[in-house]
Every structure is written in C-alpha cells, then in structure tokens.
Amino acid sequence: MARAKKETKVEVVEERKFAAPSIESFDILVAPIVTEKTMKMQQEENKVTLKVKNTANKTQIKIAVQQIFNVKVVDVKIVNVLPRAKRVGRYEGKVSGYKKAIVTISPEDKINVISE
C-alpha cells in the first residue's frame with residue numbers, strides 16, 4: 001500500500017525588526033489614552049499617547065514600544081499629569097495622577113493601539 005504524504009502548512013511570520021518583548025516591556029506600558037485629540041494625533045502626526053509606569057524614563061518607553069509593536073520610534077515626550085481634586089457630595093478626595101508618554105513613530109510604520 002502506498003501511503004499518502006501529509007501536507008505541511010508553513011505559516012509565514014512577519015520578520016521582527018527589534019528584539020522580542022520582555023516582561024519588563026509589558027510592565028512599563030500601562031494603557032493607551034483614547035480621546036478625540038489623541039486619535040487625531042495618531043492619524044495626522046503618527047503619534048501614539050500611552051499611560052506609562054510612574055518610574056519609567058524615555059529610554060525604557062522607547063525600547064518597550066519598539067519591542068511590543070515592532071515599529072521604529074523617532075521621539076518620546078513625557079508629561080506628568082498631576083492629581084486633581086474631586087468631590088462626591090460633601091466628601092473631598094483626589095483623582096490620582098499618572099505619567100503620560102507621547103511617542104512619535106516613523107512615517108513608514110503604523111500601529112493601532114486600540115486593536116493591538
């Protein structure tokens with residue numbers, strides 16, 4: 001009896017430009033900031049706005065974005081968003097502050113932080 005050969009499926013994986021992401025990279029990036037202004041910046045200027053860990057610096061953020069999204073980062077700007085006062089009835093409190101990073105990506109690369 002002749003045996004039929006099994007067909008092997010070869011999956012083509014996109015080649016990575018940068019190193020594979022590490023656990024530290026995922027710890028640095030907390031969440032994307034999605035507003036009308038950030039969406040406009042992403043479409044027109046190729047800038048992505050992210051909430052990052054309070055202890056992260058520009059170099060760590062650049063490496064994390066390059067590893068996770070596999071894109072070339074041109075520039076990173078950081079803003080410390082201060083906590084603001086909030087009232088609920090007669091009780092006063094604060095909404096905690098956070099660190100925000102505005103990452104500029106090279107023109108030939110595109111990412112969509114909402115779906116990834």
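Two strands are said to pair if DSSP finds at least two bridges between them. In this predicted model, strand 3 and strand 6 (residues 98-105) are joined by eight bridges. The two strands run antiparallel. Within this pairing, D75 has T104 of strand 6 as its bridge partner.

Strand 3 and strand 6 belong to an open sheet of four strands. The order in the sheet is 1-2-6-3, and the pairing is antiparallel. Strand 1 (29-32) and strand 3 (73-81) each have a single partner strand, so they stand at the edges, with one side of each left without a neighbour in the sheet. Neighbouring strands are turned against each other by 35° on average, direction ignored.

Two helices lie across strands of this sheet. Helix 2 (residues 36-44) lies across strand 2 (47-52) and strand 6. Its direction is at about 135° to strand 2. Helix 3 (residues 58-69) lies across strand 1, strand 2, strand 3 and strand 6. Helix 3 runs at about 125° to strand 3.

Helix 2 has buried and exposed residues. T38, M41 and Q42 are buried. These residues cover an arc of only 100° around the axis, and therefore lie on the same side of helix 2. Strand 2 and strand 6 are among the elements that cover the buried residues of helix 2. E36, K37, Q43 and E44 are on the other side of the helix, and they are exposed. Just after helix 2 comes N46, which takes a positive phi of about 60°.

A further pair of strands forms a hairpin. Strand 4 (residues 84-88) and strand 5 (residues 91-95) pair in the antiparallel sense. Five bridges link them. K86 stands opposite G93 of strand 5. Two residues lie between the two strands. In this turn, G89 has a positive phi of about 65°. A residue counts as buried under 20% relative accessible area. Of the five residues of strand 4, the number that meet this limit is zero, so strand 4 lies largely in the open.

Aromatic rings were also examined. The count of aromatic pairs comes to zero. A charge does sit over one ring, however: K51 lies over the face of Y98, at 4.4 Å from the ring centre.

Technical notes: Residues numbered from 1 in each chain as written. Predicted model: local features only at pLDDT ≥ 70, side-chain atom pairs only at ≥ 80, totals over all residues. Heavy atoms only, no water. Phe/Tyr/Trp six-rings, centres within 6.5 Å; stacked < 30°, edge-to-face > 60°. Lys NZ or Arg CZ within 6 Å of the ring centre and 35° of its normal. Axes fitted to C-alpha atoms, helices over the stretch in contact; angles between N-to-C directions. Contact = heavy atoms within 4.5 Å. Buried < 20%, exposed > 50% of the residue type's maximum accessible area, 1.4 Å probe, protein only. Arc of directions from axis to C-beta.
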